[in-house]
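Hi there,

Here is the structure I promised to pass on to you. Have a look at it first, and my notes on what turned up follow below.

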Amino acid sequence: MARCKSWRPKRHAKHPVPTKPGECRGCWTVCRSRIEPGTVRCDICLEALITHPDPEVRRALVVEEGTDLNTLIRLASDDEYSVALAAEGALEELDNQTVQTPDPGYDPWADR
Ligand SMILES: [Zn+2]
Ligand SMILES: [Zn+2]
């Protein structure tokens with residue numbers, strides 16, 4: 001069973017402005033929730049990172065390998081311009097990849 005290895009932000013009274021992921025064990029904890037095989041992190045961690053107050057954390061999520069389409073679409077309308085821009089760039093790249101790969105619905109062996 002796959003497990004989420006994501007840093008999960010948590011409230012830390014000492015740091016009203018949270019540190020970068022992993023820098024402080026009070027601000028971040030390693031998640032160990034079960035996840036679907038093939039996914040990177042659980043929904044709770046994902047949600048926490050999408051809504052994280054630090055734009056750098058949100059931007060890191062954008063450039064991360066394997067961030068899913070829905071997340072990128074949400075971050076494309078981020079209040080922070082640099083995050084939205086990065087997300088749009090990632091979406092465009094995803095678009096280009098989709099164009100290059102053949103339509104999986106097309107079966108050359110199908111008898112039509
Ligand atoms: Zn802290
Ligand atoms: Zn998690």
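**Starting from one helix**

A good place to begin is L46, which lies in helix α1. Before going further, please keep in mind that this is a predicted model.

Is L46 buried or exposed? There are 21 other C-beta atoms within 10 Å of L46, and the threshold for burial is 20 or more, so L46 is buried. Setting aside its neighbours within four places in sequence, L46 is in contact with R41 and T71. If you would like a distance to check in your viewer, L46 and D78 are 32 residues apart in sequence, and their C-alpha atoms are 15 Å apart in space.

L46 has company in α1: C45, L46 and L49 are buried there. These residues cover an arc of only 100° around the axis, which puts them on the same side of α1. That fits a familiar rule of helix geometry. An α-helix has 3.6 residues a turn, so residues three or four places apart point the same way. What lies over the buried residues of α1? The cover includes β1 (7-9), α2 and α3 (69-75).

Helix α2 can be read in a similar way. Within α2 (residues 55-63), the buried residues are V57, R58, L61 and V62. Looking down the axis of α2, you will find its buried residues within an arc of 150°, so they line one face of the helix.

**The overall build**

Now for the wider view. The protein has four helices and two strands, and from the N terminus on the order of the elements is β-β-α-α-α-α. Its radius of gyration is 17 Å, well over the 13 Å that the globule rule gives for 112 residues, so the protein is more spread out than a compact globule. Along the principal axes, the C-alpha atoms fill a box of roughly 65 × 35 × 15 Å. Buried residues account for 20% of the 112 residues. As for contacts between residues at least 6 apart in sequence, 38% of them join residues at least 24 apart.

**Two domains and the core**

The protein is divided into domain 1 (1-53) and domain 2 (54-101), and the C-alpha centres of the two domains lie 19 Å apart. Eight residues from domain 1 and eight residues from domain 2 take part in the contact. On the side of domain 1 that touches domain 2, the residues divide into seven nonpolar, one polar and no charged.

Which residues touch the most other members of the largest nonpolar core? They are V62 and A87, in a core of 14 residues. At least two residues of this core come from each of α1 (43-50), α2 and α4 (81-100), and α4 gives the largest share, with four residues. Both domains have a part in this core, since it draws at least three residues from each of domain 1 (1-53) and domain 2 (54-101). As background, nonpolar side chains tend to be buried together in soluble globular proteins.

A87 is worth selecting on its own. Not counting residues up to four places away in sequence, A87 touches V62, L72, L75, A76 and D78.

**Loops and the far end**

A few residues outside the helices are also worth a look. P18 is found in the loop between β1 and β2 (28-30). With 19 C-beta neighbours inside 10 Å, P18 counts as partly exposed. Beyond residues up to four places away in sequence, P18 touches P9, H12, C27, P53 and D54. P18 and E65 are 47 residues apart along the chain, with 24 Å between their C-alpha atoms.

E64 sits in the loop between α2 and α3. It has 13 C-beta neighbours inside 10 Å and so counts as partly exposed. The C-alpha atoms of E64 and R8 are separated by 16 Å, and the two residues are 56 residues apart along the chain.

Last comes D111, in the segment after α4. Why does D111 count as exposed? It has 4 C-beta neighbours inside 10 Å, and a residue with 12 or fewer is classed as exposed. From D111 to A13 the C-alpha distance is 66 Å, with the pair 98 residues apart in sequence.

Happy viewing, and best wishes!

How values were computed. Residues numbered from 1 in each chain as written. Chains lettered and ligands numbered in written order. Predicted model: local features only at pLDDT ≥ 70, side-chain atom pairs only at ≥ 80, totals over all residues. Arc of directions from axis to C-beta. Rg over C-alpha atoms; globule rule 2.2 N^0.38 Å. Contact = placed C-beta atoms within 7 Å. Core = buried A, V, L, I, M, F, W, Y, C linked by C-beta atoms within 7 Å. Domains from an automatic or database assignment. Nonpolar A, V, L, I, M, F, W, Y, C, P; charged D, E, K, R; others polar.
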